[in-house]
Every structure is written in structure tokens, then in C-alpha cells.
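Let's take a look at one arginine and then at how two of the chains meet. Have the structure open as you read.

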Amino acid sequence: MANVEQRGQKANSELSPILDADILEPEKEKIAVATPRQLMWWKFRKHRVAVFSGILLIIFYTIALFADFISPYDPNAFDAKHKFVPPMYVSFINEDGNFTLRPGVHGLILHKNPETLRITYEKDKSVWYPVHFFVRERPYKLLGFIETDIHLFGLGEEAGSDKIFVLGSDRLGRDMLSRIFYGARISLSIGLVSVFLSLTLGIVLGGISGYYGGWTDNIIQRVIEFIRSVPGLPLWMALSAALPSDWSQIRRYFGITIILSMIGWTELGRQVRGRFLALRTEDFVLSARLSGARDLRIILRHMVPSFTSHIIASLTLSVPGIILTETGLSFLGLGLRQPVVSWGVLLQEAQNIRTVALAPWLLLPGLAVVLTVLAFNFLGDGLRDAADPFSR
Amino acid sequence: MGKNGLSRRDFLKASAAAAAAVVAARNVPVTSAAPLRQGMYKEAPMLADLVAAGDLPPVEQRLPVNPRVITPTHEVGQYGGTLRRAFKGLSDRWGPVKLSEEGAIQWDAPDPENATLVANYISEWSQNEDASEYVFTLREGLKWSDGMPFTTEDVQFYYDKIFIPQLHTRPGPLQVGLTGEGDEGIMQLEVIDELTWKVSFSTPNPLFVLRFGNDTMGMIAGPSMAAPKHYLEKFLGDADTADQALIDAAMAANGVTTWQELWYESGPGDARGPINFFFRNPDLPVINPWRSLNSPLDDPWVMERNPYYHAVDTEGNQLPYIDGMSHALFQETETLNLWIAQGLIDMQQRHVSSANFTFFKENEEAGDYKVVTWKSATTNAFHPNISHPDPAIRAVFDVAEFREALSIAINREELNELVYSGLLEPRQASPVSGSPNFDPEFETKWIEYDPDRANQLLDDLGYDQRDGDGYRLRPDGERLAFTITYSEALSNMNPDEVQVVTSYWEAIGIQISQQVLERSLLEERNRAGDIEIGVWPVDRSSVVMGDPRRYTGTIDDGCWAPNYAIYMADIVYGDGTTDRPFVLEPPADHPVRRIAELWDQVQKEPDEATRNALFKEIMDIHKEHPYMIGTVGEDPAPVIVKNYVGNVGSGFINDDTMRNVGIARPKQFFIRS
Amino acid sequence: MFQFLMRRSLAALATIWVISIVSFVIIQLPPGDFLTTYMANLREMGERVPEEQIAAMRERYGLGEPMFVQYYKWMRGIIQDGDFGRSMEWGVPVSMLLWDRIGLTVMVGLSSILFVWVVAIPVGVYSATHQYSILDYLFTFIGFLGLAIPNFLLALVLMWIGWSVFGQNVGGLYSPEYSNAPWSIGKFIDLLSHLWIPMLIVGTSWTAGLIRTMRANMLDEINQPYVETARAKGLTEWRLVWKYPVRVALNPFISTVGYALPQIVGGVLITAVVLNLPTIGPLLLRALLSQDMFMAGAIVMILSILTVIGTLISDILLAVFDPRIRLE
Amino acid sequence: MSDVLLEVNDLHVSFFLTEGIVRAVSGVSFQIERGKTLGIVGESGCGKSVTARAILNMVRPPGRIVSGEINYYGQSDTPIDLAKLDPHGAEIRRIRWGEISMIFQEPMTSLSPVHTIGNQMIEAIRLHMDMSKQDAAAHAVGLLARVGLAQPERLLTRYRHELSGGMRQRVMIAMALSCNPKLLIADEPTTAVDVTTQAQILNLMRDLQQEFGMAIIFITHALGVIAEVADHVVVMYLGEEAEVADVDTIYYKAAHPYTQALLRSIPRHDIKLDRLETIEGNVPDPMNMPDGCKFHPRCRHYDPGKCANPALLQIGEQHWSRCARAHEINPQLSRTEQPS
């Protein structure tokens with residue numbers, strides 16, 4: 001991420017030597033009245049890709065939050081009659097060949113090759129199942145406390161044992177769509193949780209480093225340098241492998257989270273330190289100091305708020321790294337494991353090339369990862385540009 | 001199972017044959033066929049060239065006077081070629097070893113129906129009436145791969161320098177079945193003449209030969225009960241015969257600092273160091289059909305024919321047919337699968353999983369091979385721990401009706417279809433259909449899917465109250481909840497099976513959580529005895545008497561009654577010490593007690609009929625109310641065989657006891673040109 | 001210059017020392033101990049190991065002794081004899097297993113770096129000199145995409161395409177006929193024909209990042225007065241761009257090698273696992289999964305040291321290339 | 001051969017940004033005679049640097065010369081219109097440095113940080129003069145000595161950060177002179193150096209001008225400097241000429257409020273002030289230029305009735321001003337000269 005970091009800041013100087021002119025002038029008036037946050041928002045709005053990415057991420061997180069409502073099936077519900085069903089073509093043309101507003105799918109006829117035991121499916125043109133919305137099925141607790149059994153969509157009771165697999169099914173006949181939705185819960189939250197931890201570490205250590213300077217600063221800087229100069233992946237691999245394997249999945253989740261946040265904090269710490277160093281001599285900090293405020297109070301009340309926007313941007317940019325690492329670790333079998341569903345766990349199943357050659361839709365969780373990471377990168381880029389007081 | 005080539009009936013035949021083998025081993029001396037006339041032997045072209053060049057004596061001088069005659073599985077083969085296999089490296093020693101090991105007595109099966117124990121490099125063996133003395137006679141003129149004669153001196157050397165030192169750090173090779181206590185229990189050796197030696201035991205040891213069939217007694221893949229004295233004595237650092245220059249060179253080459261480390265990989269008693277294990281030492285004289293040419297750290301590791309190999313085919317062709325083997329190194333089984341499909345593997349059984357059956361079948365044409373199926377002597381199983389330290393859990397599991405409920409709540413047909421493409425057989429954890437202990441009644445015990453009855457049983461047991469989440473409650477108000485503990489490395493058992501079984505048990509109101517452990521930790525936990533429900537395939541179920549630890553409960557990765565079984569083993573074998581944190585005395589009338597007593601009697605009972613009856617009683621205790629809840633089993637154990645590779649039979653039982661691939665006699669495999 | 005080298009070397013030594021401690025901690029971390037694991041592995045392979053032998057091994061590896069004594073013994077072994085301990089799983093000294101694989105790991109890493117440079121520098125220069133052109137936008141987008149696609153996913157997709165479209169297994173570094181052959185031109189060509197896939201996979205994400213760095217650095221430099229001066233001198237655009245801003249923009253670029261090396265190492269590692277390369281990655285994964293911790297610790301340590309050395313080299317290179325740093 | 005070396009006619013240079021078009025130079029005209037010095041004065045952003053770059057046809061995208069002529073009478077009386085040349089072509093590259101060389105504002109950054117002084121000088125020399133490497137080096141040494149640098153041979157192997165500000169600027173001057181240019185454009189050559197050095201540099205330039213006989217375009221924001229070097233002065237404001245005159249006229253008869261303001265902001269030994277005045281207000285947004293007189297938002301003399309769109313008026317023989325009230329604001333002027 002360090003590379004991404006430099007771009008925005010450097011791009012500022014692009015025009016100035018030619019122009020000798022400050023073309024930011026017209027905004028001066030607004031600046032006078034706008035709060036920094038408003039200002040950031042105005043700038044951010046201009047960054048269309050970033051705004052789009054932000055919206056995409058909001059959608060993703062909403063899906064994660066309401067996964068049990070949106071998912072048509074239990075992500076771990078297996079089905080011997082529907083192994084490796086390819087993604088279904090949800091059609092608006094019904095069995096009579098007429099257009100219908102209610103989409104639906106055709107039934108499937110299963111064939112099993114007696115020699116190789118290969119299972120294939122044929123579309124049963126004679127069977128048509130319209131998609132029903134707000135169907136009542138397996139009960140769950142929405143958001144963890146609202147008991148309900150309403151799901152966004154499904155085939156309803158009339159379909160019997162037939163199912164709709166929008167993104168296909170896996171080797172145990174589990175619905176990929178539902179699995180990706182549920183997987184989002186882990187994969188998306190792990191990024192946020194460990195970024196939060198990184199942030200705490202980064203602010204505390206970076207803050208101490210930048211605020212006090214001296215030997216404390218020196219030590220913390222050496223630690224940061226050390227962490228950055230050591231290849232992370234083998235280290236994180238080793239640490240994850242060393243997590244007690246009799247830990248419950250939830251403990252394991254937090255264990256991995258903590259390991260991941262050890263990646264993120266150095267970059268944040270470095271930045272926070274830089275900001276602190278710059279702010280330390282600012283008048284308002286000096287005056288707060290002179291008026292006898294305690295260090296912690298100065299840091300929290302005066303210094304941190306002055307660069308929150310910048311921190312938010314940096315945070316956004318460090319989320320994707322964490323998501324990628326979690327995915328990588330789980331992919332290697334060192335992170336989370338079945339029956340927990342995360343995108344990394346799902347992709348581990350795709351490690352099997354032969355299976356993927358037959359069922360390429362098993363790679364779809366990878367697409368989810370790529371989209372999320374892209375969106376976070378674009379969003380972070382936009383936020384950083386907006387937060388940077390020197391950018392256009 | 002009929003759909004995959006081997007019918008249930010075939011297996012029954014095989015079982016009869018295996019039983020017969022045990023009979024044969026009792027007291028009838030087994031002699032190989034009469035020697036063929038000199039001048040009748042033929043040899044591989046590569047050796048003929050060496051003979052012509054004067055680098056090798058003629059084949060008649062290399063073979064023993066009475067070579068072992070091996071009847072080819074299908075046809076007399078052709079010489080030449082290198083068989084390509086794959087292995088996982090140094091730690092995957094059992095692949096190459098089982099292909100080429102040479103015991104004194106060996107399992108041999110020209111076809112699946114006729115698996116017997118035969119004399120291999122010995123010409124005959126006999127035992128006395130009470131099975132406490134065994135006499136072995138070497139084939140006359142038997143030679144090591146370097147041409148040096150193989151005599152009883154090599155047996156004595158083995159006994160003095162390998163077998164006895166091992167006893168100082170371990171109670172003796174477990175599988176030899178030593179009985180008695182202290183020094184009296186130790187196998188005694190007496191060399192009678194250059195070709196004949198006798199071993200004796202203080203008490204009857206009728207299972208000795210049976211166990212001899214699957215253990216080379218410390219010298220892995222060496223000739224069981226012998227070691228090449230003329231070579232190895234130079235490496236005994238504390239003996240007069242030591243050759244310090246050789247020792248230094250070997251230490252340098254292997255990165256070790258003491259001569260002991262050349263002998264013992266990781267401490268005394270572990271005789272598979274870099275110097276005395278053919279896999280790691282290309283210079284070690286062997287009597288195997290192939291010897292190592294380079295280090296298994298190399299990729300590929302290659303083996304080449306032993307010009308002095310002691311067996312011929314029915315037409316007098318010196319075996320093996322194949323010139324050599326080449327083992328390519330792989331890390332992930334996935335890679336092996338791709339190699340197979342690309343036709344880069346000539347013959348492979350190890351690491352070939354039936355989970356990939358469809359893939360292998362579909363690529364038969366592309367890879368120019370066929371998938372031959374065998375039959376694993378294995379049933380996947382869940383092991384509720386009836387000796388759990390928590391009395392409340394013991395009280396739940398040690399009730400037959402509860403285990404029955406668990407068992408019949410499993411829809412084995414669906415499970416089989418879902419996880420194994422229907423390739424396996426729904427069955428109870430019991431001896432497989434080829435076994436002398438096979439019992440159809442046991443095999444089908446509690447396997448009918450009947451969730452209603454399961455629920456009824458649980459209700460009747462007093463678990464009829466449910467909590468808000470729909471889970472059953474124990475009478476003490478606790479939720480009926482258990483943890484399944486398993487490892488991802490479950491032999492050929494697919495971890496997906498755990499997911500599926502979990503959901504069946506959840507469906508009858510039992511809360512199941514899962515815990516995945518590394519295999520080592522699983523074993524550690526199992527030895528600690530506090531696993532609630534363990535998962536492990538019940539293997540070693542062909543010639544069960546050869547290794548019954550699954551059923552006696554004393555094996556390290558079996559979990560049905562670890563704390564009881566070890567307690568009983570201590571009582572019975574009197575070794576008295578154990579490092580297990582929990583050792584529980586089983587209740588007075590507990591069947592585990594009876595199992596331990598029976599097994600002790602079996603081991604010392606010279607009369608076969610009585611012995612079999614006693615052993616059947618052990619099996620009947622299990623049949624009465626199975627402790628291990630079997631699901632599906634008799635894995636078809638696919639074997640990949642290139643179309644140009646001949647004499648690889650199908651339908652063999654795949655079991656450690658019968659040495660897996662070894663039973664198909666790789667020395668008579670051949671490559672059709 | 002000398003001072004600079006001394007200072008950097010000392011810092012590198014200190015880092016290596018910390019790495020050794022971390023690696024040792026890794027060896028000690030897993031619950032239970034590696035002997036248990038070792039026994040389990042043996043059992044899985046069908047062997048039987050009695051308790052007494054375990055006790056003997058405990059003794060031999062000094063497992064009863066305090067941590068720092070064990071650390072001291074371990075370090076002494078490494079420094080005196082290059083002995084990293086024994087691989088529990090393989091039963092041989094770790095050092096016997098590693099060197100070949102390290103060679104190939106370094107080779108894949110270096111060729112990836114080469115690939116990255118060959119691609120990233122010209123593209124970055126182009127993007128900067130043709131800022132906001134269609135190609136610039138395209139490169140930026142590809143760059144973002146490259147950052148977003150995990151190495152292993154790319155490897156998987158390439159494997160999948162190779163397998164399902166061409167029926168080829170694109171894994172490995174040699175064709176089977178060459179894998180144990182002595183070095184020859186044929187083997188080298190064979191290696192090259194396999195090397196490009198991991199090179200591409202490892203390179204992609206890093207290339208993406210470096211294109212962006214190069215572009216930003218270039219944009220920083222391209223309007224500097226000294227470039228104007230050069231232009232005013234009448235140099236052709238091509239020559240002045242490559243002689244001046246590129247040359248200067250390369251400096252931070254060289255220094256990014258230091259930070260990029262850890263990424264590359266990680267990339268090589270995980271890619272090698274997917275592609276079954278005979279490099280150190282699959283060995284590490286296997287060591288970790290089987291808790292063969294001497295092996296894992298040794299690998300982590302060697303990889304880290306290599307990285308530190310790589311960083312040191314890039315520092316020195318930077319000093320050679322940038323007179324400002326040289327004279328600091 | 002006429003006296004005129006370079007003639008700029010109605011030059012328009014614009015920058016085409018996504019935010020809009022910035023007319024950095026709009027309709028500037030001036031000329032410079034051989035061997036003379038023209039000063040261009042103005043605040044940051046007035047377009048003076050852009051004009052300088054336009055002369056060498058070095059305006060970089062998104063900027064571009066929109067219209068106008070830059071006639072260069074280097075070789076003969078037939079001028080070459082530099083504005084029409086291909087900016088990457090061989091012709092303009094020959095003229096750059098060979099005929100017209102340039103010194104930049106920041107001596108620190110005008111030299112490459114990673115190339116030696118020698119490397120950069122020899123490169124320039126060999127590009128335009130047919131010399132071997134050795135000859136070029138010798139030539140460079142001579143030039144360095146000429147600009148007053150000690151140990152010129154050693155200097156060739158030095159890097160810019162090893163030199164002081166004054167030394168750097170001397171090196172730049174030596175380099176600029178290396179191919180005997182006919183015109184030297186000095187873009188604020190003295191802003192980044194201290195006052196003493198500044199004086200030395202200016203003296204040096206004056207001496208060299210006499211010795212080499214080149215014309216100089218001296219660009220600065222400091223009117224004070226102009227007084228010492230220039231023969232003629234162009235005062236620029238927002239891309240336009242505010243006032244054009246010889247140096248004395250500018251000093252004593254400034255006829256544009258902007259010039260007057262500039263003059264008030266420099267310290268003068270003849271007028272004692274408690275404090276220097278600064279020009280009120282800021283330079284307006286270049287994309288949102290004020291209507292009418294561009295200076296009006298900052299002008300104390302602004303009269304909406306009179307000041308709509310003033311043209312550049314000739315108010316003296318060699319004196320032009322873009323102020324409609326030029327005569328009103330400069331009584332001295334109205335006494336002596338009448339608008340034509």
C-alpha cells in the first residue's frame with residue numbers, strides 16, 4: 001500500500017511550476033465557512049469512482065449484515081441431489097415461452113454416468129418454477145434478535161426438493177450464493193475489526209512515538225522498520241499455524257484478527273507519528289500544554305481530531321490488505337476452517353483445479369474478493385485525496 | 001459394489017483364502033517349489049550385457065540354488081522399462097518400502113482369492129506344537145545385492161546389533177508379539193548352521209508368523225531378522241570392525257556428528273538411520289528386487305534392479321521384470337492427480353483417493369491408463385468416548401440405545417452419495433467382507449436410516465425435554481451437546497463427512513460442535529482420553545487378528561474407550577506404567593474387561609480353533625452393541641495402472657496388515673513394449 | 001560512503017538478530033511440541049513409535065532445558081556448523097533440504113523482480129509522460145486490478161485455464177524429463193518455459209504497485225527545473241526523459257525494492273504452493289501444517305535474512321545511484 | 001541585420017485544464033535588441049515565466065501557444081517564427097541553448113541531482129558544438145573559471161548538492177553561456193540567493209553581457225533588480241502587459257497603478273518609509289478573470305465609468321500603459337507628454 005500512498009501526494013505538484021498560479025482560489029470562500037468534514041465530503045463527491053466504490057461497499061456490508069435474510073438457503077445445507085449444479089439462468093421467459101414479470105428457473109434432470117459416476121444436469125423444459133419473494137422458510141434471527149422465517153426470495157413450497165442456484169452449487173450441493181453472502185460476514189468484518197485493532201495500536205504507538213520523540217520514538221521506529229523489513233506472509237503463516245488448534249472457531253477468528261492487525265498497524269503508526277511530529281509544535285498544542293492539560297488529554301482531545309479524516313482514508317486503504325491476507329491464510333489452510341464460511345475458506349475449496357475445471361463457478365468468491373479490494377482501494381484513494389489539504 | 005468390478009462374492013472367497021493362510025501358518029512346513037534346472041534361467045537384457053562384459057557373474061551363480069518361483073498374476077512378463085511413480089519425499093517411505101520390502105515370510109496373492117503367507121527368502125519354516133519355537137531355513141546360495149553370501153551370520157548380527165539394542169529402549173518390536181515378562185519374554189535366537197536358525201519364546205506365541213508377515217522387525221524394508229553384516233559392521237563405531245574413514249564420510253554426507261546417528265534416525269531403537277535403511281543409503285546391500293540409486297532428497301528418487309534377486313517366474317526368468325522405478329516428488333496430492341491425468345504416472349496406489357474416482361475415470365483415455373479398484377479394509381467411523389473423564393458424558397455414551405440412536409440417525413445412503421459418489425458401502429464398523437472375521441450381521445447392525453426410531457430411543461432414554469433452540473436436554477437440565485474432534489488428515493476419509501453427520505445428529509436434537517485438530521494434537525488429545533466424539537476410519541479390518549488394536553481400543557488414534565483400554569492393557573500386560581493423565585478403571589462388569597482378557601488369551605492359545613473362538617467372542621462383543629459407529633466403508637481404493645503395465649491385479653484387499661500394494665507382488669509387474 | 005555502508009550493515013545485523021529470536025519463538029510456539037507431531041506423522045505413514053523413544057528424543061533435543069539455553073544451542077549450531085536443526089518430518093538436517101530450494105526461490109524472486117522492472121519502468125514513464133491519456137487510464141486501471149487480485153487466485157485461474165483449455169498442467173518448474181537431469185541448455189530452456197508463469201503471477205501485483213510509484217515519481221520529477229533546463233538545452237524529448245527524470249525517479253524506486261522484497265517473497269511463496277514449484281513455499285506450508293517447527297523456523301529465518309540482505313543490497317545500490325545519499 | 005534580435009507579437013498562451021481554460025499569456029508583444037537587456041516584471045502568475053518558455057517553444061501540455069508570433073532574427077534578416085516550429089523538431093532544438101539559452105529561477109533544482117556538473121555542461125556543449133569530450137571539458141573549465149569559480153576542474157566532478165547557492169547559479173550561467181548564445185533568458189536568477197550573492201551575480205551577468213555581447217531577457221518579480229540590469233522593462237499583470245517602457249521611464253514616470261504599487265513595495269534609498277507597502281488583495285483566479293480592467297479589484301484608482309476594458313496605450317515615445325487613467329494617476333506624465 002505504500003506505493004498507493006505516494007501518488008496522491010505527489011500528484012499535487014504536477015502543474016504548479018508551469019502555472020505559478022494557485023487555481024484553488026475560488027474555493028477559498030467556502031473554505032472559510034465549511035467544516036473540514038464538509039470540505040472533505042465536497043471533494044470526495046467529485047471522485048466518481050470512489051463514490052461508486054463506497055456505494056458498492058455499503059451494499060456488500062448490507063448483504064453481510066442481512067445475509068440470513070437475503071440468502072435463499074442455509075450456507076451449510078447439503079443436498080445429495082444437487083451437487084455441482086452450474087449457475088442457473090434466471091429467466092423472464094416462462095415455460096410457455098412467454099415473457100413474464102416474475103422471473104423463474106427450469107427444473108433440472110440429473111444424469112449420472114454409470115462408468116465415471118460423473119453427474120450432469122439437463123434443463124427440464126417442462127418444469128418451471130417462478131421465483132417467489134418474501135418466502136417463509138427456515139427460521140432465523142434477523143440481526144441476531146428479530147425472530148422471523150421470511151427470506152428475500154426462494155422457490156417456495158411448490159418446488160419441493162428442487163432449488164434455485166443463482167451462482168451454482170458446490171460439491172455437497174450447497175448454494176454458492178448463500179455461501180458467498182455468509183462468507184462476506186467473516187471476510188468483510190475481519191477487515192474492519194483488525195483495522196480497528198491496527199488503528200488502536202497505530203495511534204497509541206505512533207502517537208507515543210511522535211508526541212514524545214526521543215528514545216521512545218527511536219525504539220518504536222526500529223520496531224516498525226523491523227516488521228516492515230521482514231517478509232510478512234511466512235511470518236503470519238507461522239503465527240497462524242501456531243494458534244492452538246483446539247481453539248473454538250470464534251477464538252480462532254479473533255486470533256487471526258489480531259495477527260492480521262499486526263500487519264496493519266505499522267503503516268498507520270508511521271503516519272500517525274508523522275502527523276504528531278508536525279502537530280507537536282503547532283500553537284494550539286503548545287497552548288494546551290502550557291495551560292497544563294495532561295498528555296493523554298492533549299493527544300485525544302486536540303491532536304487526534306485534527307487528522308481524523310486522514311486516518312479514515314488510511315484505514316480504508318489498509319482494509320484490503322487485511323482482507324487479502326485473511327483470504328490467503330484461509331486458502332492455505334492456516335486461517336479459518338470449515339464449517340465457518342469465509343471467502344478464503346470457499347476459495348480453499350477451489351484450490352482443487354480438477355474440481356474448478358468442472359465447476360469454474362467455485363472461483364466466484366474470488367471475484368467477490370477482487371471487487372471488495374478494488375472498491376476499498378478506490379474508496380481509500382478518493383478519501384485520501386479528499387482528506388489531503390493540499391490536493392485539488 | 002458390483003458396479004465397480006468386484007462383487008461381494010469375490011470378497012467372501014478372498015476371506016476364506018486369508019483364513020486358510022492362517023491355518024497354513026500353524027504347523028505345516030511350507031516349502032517352495034522344486035528348484036528348476038541350472039541353465040534354464042533367463043535374465044534381463046541390461047544384466048546380460050553386464051555378464052557379457054564380465055562385470056557380473058552369470059545368472060545361475062547369482063540366484064540361490066532353489067530360487068523362489070513366483071507365478072505371475074496374469075502372464076509371463078517382459079523385461080525392461082522404468083516404472084514412474086510419485087512420492088512425497090523422505091517421510092513418505094512407506095510407498096517405496098511396501099513396493100520392495102522382503103520379509104522372511106510374506107503375504108502373497110497371485111489373485112485376490114488366494115492370499116497366503118509364503119516363504120520368501122527362506123526356503124521353509126516350521127514351528128513346534130505349542131508355537132513357542134520357530135525354525136527357519138535360508139535358501140542356499142542366497143546373496144546380497146553386492147554379491148556377498150547371505151548367511152545366518154547376518155541373522156546373528158541383526159539379533160545382536162539391532163534387535164537386542166532396541167530392547168533396551170523399547171519393549172521389543174510390538175508386532176512380534178512378545179509375551180511374558182522381563183528377559184524371559186525376549187525372543188531368543190539360536191543359530192543352528194549356516195542356513196538354519198531357531199527363535200524361541202518363553203510362552204506360546206501362535207500369532208508370531210502372522211505378525212511376521214507385516215513387520216520387518218526394525219530393519220525397514222530390510223530382510224526381516226537379518227542385516228548385511230559384512231557392510232554394516234564397518235559402521236559400528238565402537239567395534240573392532242569399524243572403518244573410521246567410511247564412518248566420517250557417511251557422517252559428513254548426512255550432516256550428523258556421531259556414528260550412532262547413522263544407525264538411528266532419532267535415537268537408539270530406531271533402526272532406520274541414514275546408513276541402515278536402503279531408502280536412504282544406496283550402498284546398503286539389500287535383497288529387495290530393487291535397490292536405491294540416489295538419495296530420496298533428490299527428485300526423482302530412482303531405484304534399479306537388484307541383479308541378485310532371489311526369485312524367478314514360472315519360466316525361469318529372473319525377477320523383477322522392471323529395470324527400475326522412478327519416484328517424482330510432489331507436495332500436494334492435487335499435483336499427483338494432475339500428473340496421473342497427464343499420463344505421467346505408470347502405476348500408483350498410495351495417495352490415490354477414491355474421492356477423485358470420477359476424475360481418474362474421465363481421464364483414463366487422455367492419460368492412457370485404467371483405474372483398477374481394490375478394496376480397503378476400512379470403515380469410516382465416529383467414536384463416542386465411553387471412557388470420557390466426565391462421568392455425565394460416560395453415562396450418555398455407554399448406553400447401547402444412545403449409540404443406536406446416533407447410528408440410525410445417519411442416512412448412510414445419502415452420505416455415500418453426497419461425499420463419495422456412492423462408491424462406498426454403507427456398513428457398520430466391522431471386519432470387511434474379505435476378512436476371516438467378516439460377519440454380515442455385524443456389518444448391517446444399526447445401519448438402517450430411521451430418524452423416528454432414533455428420536456423415540458432418545459425420548460425413552462429420558463432426553464425428551466427440549467430447550468428454546470430445539471435441542472434435547474439431559475435429565476440434569478444440561479443441553480445434550482457434544483464436540484466432534486477430528487483432523488483434516490483422516491486417511492481416505494473425507495472431512496466433508498463430518499459436516500454431513502453433524503447435521504444428521506443436529507436433526508435429532510443433539511447439538512454438535514466441531515473441533516479440527518492437527519493429527520498430532522488429535523492423538524495427544526486421544527491419549528489424554530478427553531475427546532468426546534472422535535473420528536477415525538476403522539482400518540486393519542481384514543486379518544483382524546494380525547493387528548486388532550482398533551477393536552481392543554489400544555491403538556493411539558482410536559477413541560472409543562482409550563482410558564479403559566489402557567487401564568486394562570496395564571493390568572493384563574502388567575507393564576504397569578503409563579503417561580496418560582486419565583486412566584479409568586472400567587466398571588466391574590464392563591465388556592472392555594472381557595475384551596482385554598480375551599485378547600490376552602488369544603495371543604497365547606496354540607490351538608487354532610480355540611483361538612479363533614476366543615477372538616470371535618471379542619468381535620461378538622462389538623457386534624452386540626457397536627462402540628464405534630461406522631458409516632460407510634470398503635473404499636474401492638483405486639489403483640492407477642498405465643495400459644502398458646501388466647500383471648497388476650484388481651480386487652485385492654488394501655490393508656496395512658497385508659502390506660497394501662505389496663500383496664500384488666510388484667516384482668512381477670512389467671512394462672509392455 | 002563507508003560510514004553509510006557500515007551503518008546499514010550494522011542495522012541489517014541487528015535486524016537479523018531480532019529475526020533469529022522471532023524464528024526461535026516460532027519454533028517454540030506450537031502447543032504440545034514437535035516431537036508429538038513427529039510421532040503422529042510417523043504413525044500416519046504406518047510406523048509405530050514407543051514412548052521410550054519419544055523420551056530419548058526429548059533428551060536429545062534438550063527439550064527440558066530453559067528457553068534461552070535452547071536458543072543459545074540453536075544459534076550456536078547455525079553459526080558454527082550451519083546446522084538449523086533437524087527436520088522432524090524428513091529426519092535429516094534442515095540445511096540439507098533447503099539450499100536447492102532456496103536457489104530456485106531466489107531465482108523465481110529475481111526473475112519476478114526483473115519482469116516487474118522491465119514492465120513497470122517503461123509503463124510508468126509512459127503513464128507519466130502521457131498523463132491522462134487513454135493508455136494512462138488503462139494502465140492505472142490494470143494497476144488497481146493487479147493490486148486487488150491475490151496471487152493465489154491468479155495462479156488458480158491460470159492453472160484452471162491451462163488445464164481446462166489446453167489440457168496442460170502449468171505447475172512445476174521443469175518438465176518431468178528434466179527434473180533430475182544435470183544442468184544443460186535444454187534444461188535451462190525448459191526452466192525458462194516454466195518460469196514465466198510464476199514470474200507473471202508474482203510480478204503482477206507488484207508491477208501494479210510499482211507502475212503507480214514510477215508514475216508518481218516521474219510526475220514529481222518531470223516538471224522539475226532541471227528537466228526544463230535539459231529541454232532548454234535542446235535535448236530530444238526521449239533522451240531527456242530517460243536521462244533525467246527517469247534516472248531520478250528510479251531512486252525512490254530502488255529503495256522501494258527493500259519494502260517490495262517481503263511482498264515478493266510472500267508472493268513467490270503462495271504462488272509456489274498453488275503451482276507446486278520446487279521452491280521453499282510448499283516446504284514451509286507443509287512444515288507448518290505438520291508443525292515441523294525447526295524446518296518452519298529455519299525457513300522463516302532464511303527468507304527473512306535473504307530479504308534483509310536484499311534490502312541492504314538495494315540500499316547500497318541506491319547509494320551508488322544517488323550521490324545525495326552516498327554523501328550523507 | 002536589424003538591431004532587433006527577437007520580436008514577440010500578440011502572443012497568446014493558454015492552459016487547457018479540466019477545470020477550464022487559463023489564459024496565461026494573452027496578447028503580449030515586445031521586442032529585444034541585440035546586446036540589450038529586457039526586463040519582464042510581475043507577480044507570480046502574471047505569465048512572465050510562461051512567456052519565457054514560449055520563446056523557446058517549451059510550453060508543455062496542457063498548455064499551448066494559441067496564437068502570435070515569436071520572430072527570431074538569429075542568422076539573417078529573415079526571421080524564424082519560433083512559435084510555429086515543431087516543439088520537438090530539430091530546428092528548435094538547435095536554437096535552444098545554441099542560440100537562446102536560459103537560466104532558471106531555482107539554481108538548486110535547475111541542475112540534476114544525480115549527474116555531475118561536468119556531465120551536464122559537456123552534454124550541452126557537445127550537443128551544439130562540434131567538440132570532443134576532452135575539448136568540451138576544457139571549454140567547460142574555462143567557462144567555470146570565467147564565472148569566477150575556483151578550482152573549476154574539480155567542480156566538473158561535483159554534484160549540485162555539494163555547491164552553495166551562489167556557486168550553483170554561477171554554474172548555471174557558465175552553462176548557459178557555453179554555446180555563445182545570442183539571447184540569454186534569465187528567469188528570476190537571483191530570487192533564491194542571498195542579497196550579497198545576488199549583487200555578485202548581477203554584476204557578473206552585466207560583465208558577461210559586455211564580453212559575450214548577448215541580449216538578455218531578465219525575468220523577475222523584483223522591480224529593484226531591474227533597475228540595475230535592464231534597458232527596457234515590460235511590466236506584466238495577468239498575462240497582459242501593464243506597462244512597457246525603458247527602465248528610467250518605469251522608475252520615474254510609472255503610468256500604471258500596478259507598476260506604481262510594485263515600486264512602492266521595493267525598498268528605496270531615496271524615500272524613507274516606516275514600512276514597505278504591499279499590494280492589496282490577491283491575484284485573481286486565472287479562470288475567472290475580472291471583467292474590464294483586470295487590475296480593478298486591487299486598484300485604488302478604479303473608476304467604473306472610465307476603466308472599462310483599457311487598451312495598451314502609448315503614452316510616450318517608448319512608453320505604453322494599459323491604464324485608462326494613466327495620465328490622471330501620474331501627473332508628472334501628463335505635464336510632459338500627451339496621449340497619442
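C:R247 sits in helix α11 of chain C, a helix that covers residues 245-275. Keep in mind that this is a predicted model. Is C:R247 buried or exposed? Its relative accessible area comes out at 18%, and since buried means under 20%, C:R247 counts as buried.

What does C:R247 touch, once you set aside its neighbours within four places in sequence? Within its own chain the contacts are C:W242 and C:F321, and from chain D there are D:V114 and D:H115. C:D322 is 75 residues away from C:R247 along the chain, yet their C-alpha atoms are separated by 9.3 Å.

Now for the place where chain C meets chain A. Some numbers for that pair:

| Chain C with chain A | Value |
|---|---|
| Buried area | about 4500 Å² |
| Share of the buried area on carbon and sulfur atoms | 75% |
| Salt bridges | 0 salt bridges |
| Polar contacts (both residues at pLDDT 80 or more) | 0 residue pairs |

On the chain C side, the elements that give two or more residues to this contact are α1 (2-28), α6 (134-148), α7 (151-166), α8 (185-222), α11, α12 (280-289) and α13 (293-321). So what kinds of residues make up that side of chain C? They split into 39 nonpolar, 12 polar and 3 charged. As for the head count, chain C brings 54 residues to the contact and chain A brings 48 residues.

Helix α11 ties the two parts of this tour together: C:R247 lies in it, and it is among the elements on the side of chain C that touches chain A.

Terms used. Residues numbered from 1 in each chain as written. Chains lettered and ligands numbered in written order. Predicted model: local features only at pLDDT ≥ 70, side-chain atom pairs only at ≥ 80, totals over all residues. Heavy atoms only, no water. Helix = DSSP H or I, 4+ residues; strand = E, 2+ residues; numbered from the N terminus. Buried < 20%, exposed > 50% of the residue type's maximum accessible area, 1.4 Å probe, protein only. Contact = heavy atoms within 4.5 Å. Buried area = accessible area lost by both parts, 1.4 Å probe. Salt bridge = Lys/Arg side-chain N within 4 Å of Asp/Glu carboxyl O. Polar contact = N/O pair within 3.5 Å; in protein donor to acceptor, adjacent residues only side chain to side chain. Nonpolar A, V, L, I, M, F, W, Y, C, P; charged D, E, K, R; others polar.
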